[in-house]
Amino acid sequence: MKLRRKSRLRDVSLDESGETEEPSFRLDVEDQGPNPEQLYAHKERRRILFEAMNELTPGMRRAIELRELGERSTEETAQIMGISASAVKARVFHGRRKLRERLKDHRRTGWDVRKRHFADDR
């Protein structure tokens, strides 16, 4: 039993920096969460999108919310809204077009930046 007790691992404080019998190891764990700049950019993109969505007609906005954001099928969206599937398709099509027009000034997305960065590396 005495040998078993000796072979057990000892608890070592990760924050302890004083002199000990055993070598101390300091682990620097990188924060995996978004940094403040990323959080702000995300909130700003959401705000811009919601403003653009609010400029759509109620029918277009509802169709996009159900079909695109709610990830429902065209038929489900049509049933919920009480309109035909072709009407849903038309509202989503025209709504996307209007959103694209309104958001074209805010196009500098992460994809564009990565695409440009990748092209510079070549």
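Does Thr 77 count as buried or exposed, and at what relative accessibility? Thr 77 counts as buried, because its relative accessibility is 0%. The model is a predicted one. Its secondary structure comes to six helices and zero strands, in the order α-α-α-α-α-α along the sequence. Of the 122 residues in the protein, 14% are buried. Among contacts with a separation of 6 or more, 41% are between residues 24 or more positions apart.

**Thr 77 and its surroundings**

- Thr 77 belongs to helix α4.
- Leaving aside residues up to four places away in sequence, Thr 77 touches Ala 63, Leu 66, Arg 67, Arg 72 and Val 88.
- Two of these partners, Ala 63 and Leu 66, are listed among the buried residues of α3, and Val 88 is listed among those of α5.

**Helix α3**

- Helix α3 runs over residues 58–69, and its buried residues are Gly 59, Met 60, Ala 63, Ile 64 and Leu 66.
- The cover over these buried residues includes α2 (36–54), α4 (74–81) and α5 (85–103).
- Just after α3, Glu 71 adopts a positive phi of about 55°.

**Packing of α3 against α4**

- The axes of α3 and α4 come within 9 Å and cross at roughly 135°.
- That angle makes α3 oblique to α4, because it falls outside the range over 145 degrees that counts as roughly antiparallel.
- On the α3 side, the contact is made by Gly 59, Arg 62, Ala 63, Leu 66 and Arg 67; on the α4 side, it is made by Thr 74, Thr 77, Ile 80 and Met 81.
- The crossing of α3 and α4 is right-handed.

**Helix α5**

- Helix α5 has 19 residues, which should span 27 Å at 1.5 Å a residue; its end C-alpha atoms are 26 Å apart, in agreement with that expectation.
- The buried residues of α5 are Val 88, Val 92, Gly 95 and Leu 99.
- These residues lie on the same side of α5, because they cover an arc of only 70° around the axis.
- The face turned away from that buried side carries the exposed residues Ser 86, Lys 89 and Phe 93.
- Helices α2, α3 and α4 are among the elements that cover the buried residues of α5.

**Packing of α2 against α5**

- The axes of α2 and α5 come within 10 Å, with a crossing angle of roughly 130°.
- The two helices are therefore oblique to each other.
- Their crossing is right-handed.
- In α2, Ile 48, Leu 49, Ala 52 and Met 53 take part in the contact; in α5, the partners are Leu 99, Arg 102 and Leu 103.
- One of these partners, Leu 99, is also listed as a buried residue of α5.

**The loop between α2 and α3**

- Glu 55 sits in the loop between α2 and α3.
- With a relative accessible area of 49%, Glu 55 is partly exposed, because the class of exposed residues begins over 50%.
- Glu 55 and Lys 98 are 43 residues apart along the chain, and their C-alpha atoms are separated by 9.0 Å.

Key
Residues are numbered from 1 along each chain as its sequence is written. This is a predicted model: local features need pLDDT of at least 70, side-chain atom pairs count only at pLDDT 80 or more; totals for chains, interfaces and linings use all residues. Side-chain values use heavy atoms; hydrogens and water are left out. Buried means under 20% relative accessible area, exposed over 50%, partly exposed in between (1.4 Å probe, protein chains only). Helices (H or I, at least four residues) and strands (E, at least two) are DSSP runs, numbered from the N terminus. Contact means heavy atoms within 4.5 Å. The expected span of a helix is 1.5 Å times one less than its number of residues. The arc is that of the directions from the helix axis to the C-beta atoms. Axes are lines fitted to C-alpha atoms, for helices over the stretch in contact, and angles run from 0 to 180 degrees between N-to-C directions. Angles under 35 degrees count as roughly parallel, over 145 as roughly antiparallel, 65 to 115 as roughly perpendicular and the rest as oblique. A crossing is left-handed if the near helix is turned anticlockwise from the far one by less than a right angle, and right-handed if clockwise.
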